[in-house]
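Trainee: Could you take me through one part of this model up close? I'd like to look at the salt bridges, and I'd like to know how they sit in the chain as a whole.

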Amino acid sequence: MKDKALEEIKRGGEAEKILSNEVYQEAFNKVRNHIVDAMQNSPLSDDVTHNRLVIALQTLTQIEKALTDIMQTGKMAQIQVQDPR
């Protein structure tokens, strides 16, 4: 059990490094802004493009959520290791 917690702590730290990395943040925001701009500039009649852009935005959001979840799991594991009640 402790090995699993230590692995979660390690992975959580790695995820936190990624999320706080300025280059990652810049790239993430650039891609998100590009998708949003494309959505705003696509004709209302272009359902195919709109749907693809929505999927792209949802996927981007899911990637960030997955990293955040890994980071939070690591933080929780750290708390459990420090105070194993």
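Mentor: Sure. This is a predicted model, and the structure holds two salt bridges. Side chains of opposite charge can pair when their charged atoms come close.

Start with Lys75 and Glu16, whose closest N and O atoms are 3.9 Å apart. The cut-off for a salt bridge is within 4 Å, and the pair's 3.9 Å falls inside that. Now look at where the two partners come from. Lys75 belongs to helix H3, which covers residues 47-82, while Glu16 sits in helix H1, residues 2-20, so this pair ties together parts that are 59 residues apart in sequence. Are these two side chains buried or exposed? Neither, really: Lys75 has 37% relative accessibility and counts as partly exposed, and Glu16, at 35%, is also partly exposed. That label covers anything between the 20% limit for buried and the 50% limit for exposed.

Next, find Lys65 and Asp69. Their closest N and O atoms are 2.8 Å apart, and they form a salt bridge too. Here both partners are in helix H3, four residues apart, so about one helical turn separates them. Asp69 has 36% relative accessibility, which makes it partly exposed.

So you have one bridge linking helix H3 to helix H1 and one lying within helix H3.

Now zoom out and see what these bridges belong to. The chain has three helices and zero strands, and reading along the sequence gives you α-α-α. Its radius of gyration is 18 Å, well over the 12 Å that the globule rule gives for 85 residues, so the chain is more spread out than a compact globule. You can get a feel for that from the box filled by the C-alpha atoms, roughly 60 × 25 × 15 Å along the principal axes. As for burial, 18% of the 85 residues count as buried. The accessible surface comes to about 6700 Å², and carbon and sulfur atoms account for 55% of it.

The pairing between H3 and H1 also has a wider setting. Take the contacts between residues at least 6 apart in sequence: 72% of them join residues at least 24 apart. Lys75 and Glu16, at 59 residues apart, are a handy pair to keep in mind there.

Finally, think about charge across the chain. There are 11 positive and 13 negative side chains, and the centres of the two sets lie 5 Å apart.

How values were computed: Residues are numbered from 1 along each chain as its sequence is written. This is a predicted model: local features need pLDDT of at least 70, side-chain atom pairs count only at pLDDT 80 or more; totals for chains, interfaces and linings use all residues. Side-chain values use heavy atoms; hydrogens and water are left out. Helices (H or I, at least four residues) and strands (E, at least two) are DSSP runs, numbered from the N terminus. The radius of gyration is taken over C-alpha atoms; the globule rule is 2.2 Å times the number of residues to the power 0.38. Buried means under 20% relative accessible area, exposed over 50%, partly exposed in between (1.4 Å probe, protein chains only). Contact means heavy atoms within 4.5 Å. Accessible areas come from the Shrake-Rupley method with a 1.4 Å probe; for residues, only the protein chains shown count as cover. Lys and Arg count as positive and Asp and Glu as negative; His and the chain ends are not counted. The place of a charge is taken as NZ of Lys, CZ of Arg, CG of Asp or CD of Glu. A salt bridge is a side-chain nitrogen of Lys or Arg within 4 Å of a carboxyl oxygen of Asp or Glu.
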